Amino acid sequence: MPLSLLRDLKDQIPCDYVLFQGYDTRRNSYWFAQQVPEDDEDWDSVFDSDVPEFPEFPTFWQHFWTCKPCSYPDHSGDFRSVVQETDFYSVREFHSTGMYCDVMRPQGFEHQIGLFLPEPPGPDAGIGRTARLFLLRGPGPAFSERDRSLLTLLRPHLQEAFQDAERRRNPVPDLTPRHWDLLHLLAAGRTNTQIARQLGLSEGTVRTHLENIYARLDVSNRTAAIIRAFPNRVA
């Protein structure tokens, strides 16, 4: 997301931090992370610096599935609601959770409100991969219903801005669903004969599909096609 947009959001709804992160809940990991203010070293220190581009936070993930506001969309299937901790806990109950004791309180955070955005379509999209935006405050007033209403109104615009930014950053190749099926099998190491059997095609049709894929991806062999189609999956 453009950081200028996150800064504007912080001005519209006063808070200490805005966090925008890509979650992969199947793997208990992040696939991106942004924050405003973006230059605070204390917040950076809570992430595992061994993987700076895809930061891991073991303590966070240890408590993620039992933290009701964090895992709410995964458990409920509701990715449209704007939620905060007071929707699920009393203050006393929240202060007894592992997420508060081990993650939020050490960072000086008392209140959070968040919304959830589906991942843009593409070869890496899948169940459990979402983008999540959280606003965090320290001691003081909790987020109000006015704040929730504003985030609800802004949500479709934030989603559009996120998807536009993702399309510019990582354009999806112009391939058909059949092409993607074939590429996934290529990436799994299948031969043309195996692909033909699995997809119910002749080997000649598989070769024709491969030629079309190479032309659309502007590559000349299967290894280059896999790298071009799945840039985030190739080391």
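This briefing walks through the sheet, the helices packed on it, one buried loop residue and the nonpolar cores. The model is predicted, so keep that in mind as you look around. At its heart for our tour is an open sheet of five strands, in the order E2-E1-E5-E4-E3, with antiparallel pairing. The edge strands are E2 and E3 (83-84), each of which pairs on one side only.

**The sheet, strand by strand**

- Start with strand E1 (residues 17-24), which pairs with E2 in the antiparallel sense over seven bridges.
- To find your place in this pair, look for Leu-19, which stands opposite Gln-35 in E2.
- E1 and E2 form a hairpin, with four residues between them.
- In that turn, Asn-28 has a positive phi of about 50°.
- E1 is also joined to strand E5 (residues 129-137), by eight bridges, and these two strands run antiparallel.
- A handy landmark here is Asp-24, whose bridge partner in E5 is Arg-129.

**Helices on the sheet**

- Helix H1 (residues 3-12) packs on the sheet and touches E1, E2 and E5.
- The direction of H1 makes about 60° with that of E2.
- Helix H4 (residues 68-76) packs on the sheet too, touching E3, E4 (111-118) and E5.
- The direction of H4 makes about 20° with that of E4.

**Buried or exposed?**

- E2 is an edge strand, yet six of its eight residues (29-36) are buried, so E2 is largely enclosed by the rest of the structure.
- Thr-97 sits in the loop between helix H5 (91-95) and helix H6 (98-104).
- Thr-97 has a relative accessible area of 15%, and it counts as buried because the cut-off is under 20%.
- The side chain of Thr-97 reaches the backbone nitrogen of Tyr-100 at 3.2 Å.

**The nonpolar cores**

- As background, nonpolar side chains in soluble globular proteins tend to be buried together.
- The largest nonpolar core here has 23 residues.
- Within this core, Met-1, Val-18, Phe-20, Leu-133, Leu-135 and Phe-162 touch the most other members.
- H1, E1, E2, E4, E5 and helix H7 (145-169) are the elements that give two or more residues to this core.
- H7 supplies the largest share of this core, with five residues.
- Another core, of 19 residues, lies apart from the largest one; among its members are Ile-213, Leu-217, Ala-225 and Phe-230.

How values were computed
Residues numbered from 1 in each chain as written. Predicted model: local features only at pLDDT ≥ 70, side-chain atom pairs only at ≥ 80, totals over all residues. Heavy atoms only, no water. Buried < 20%, exposed > 50% of the residue type's maximum accessible area, 1.4 Å probe, protein only. Pairing = 2+ DSSP bridges. Contact = heavy atoms within 4.5 Å. Axes fitted to C-alpha atoms, helices over the stretch in contact; angles between N-to-C directions. Polar contact = N/O pair within 3.5 Å; in protein donor to acceptor, adjacent residues only side chain to side chain. Core = buried A, V, L, I, M, F, W, Y, C linked by side-chain atoms within 4.5 Å.
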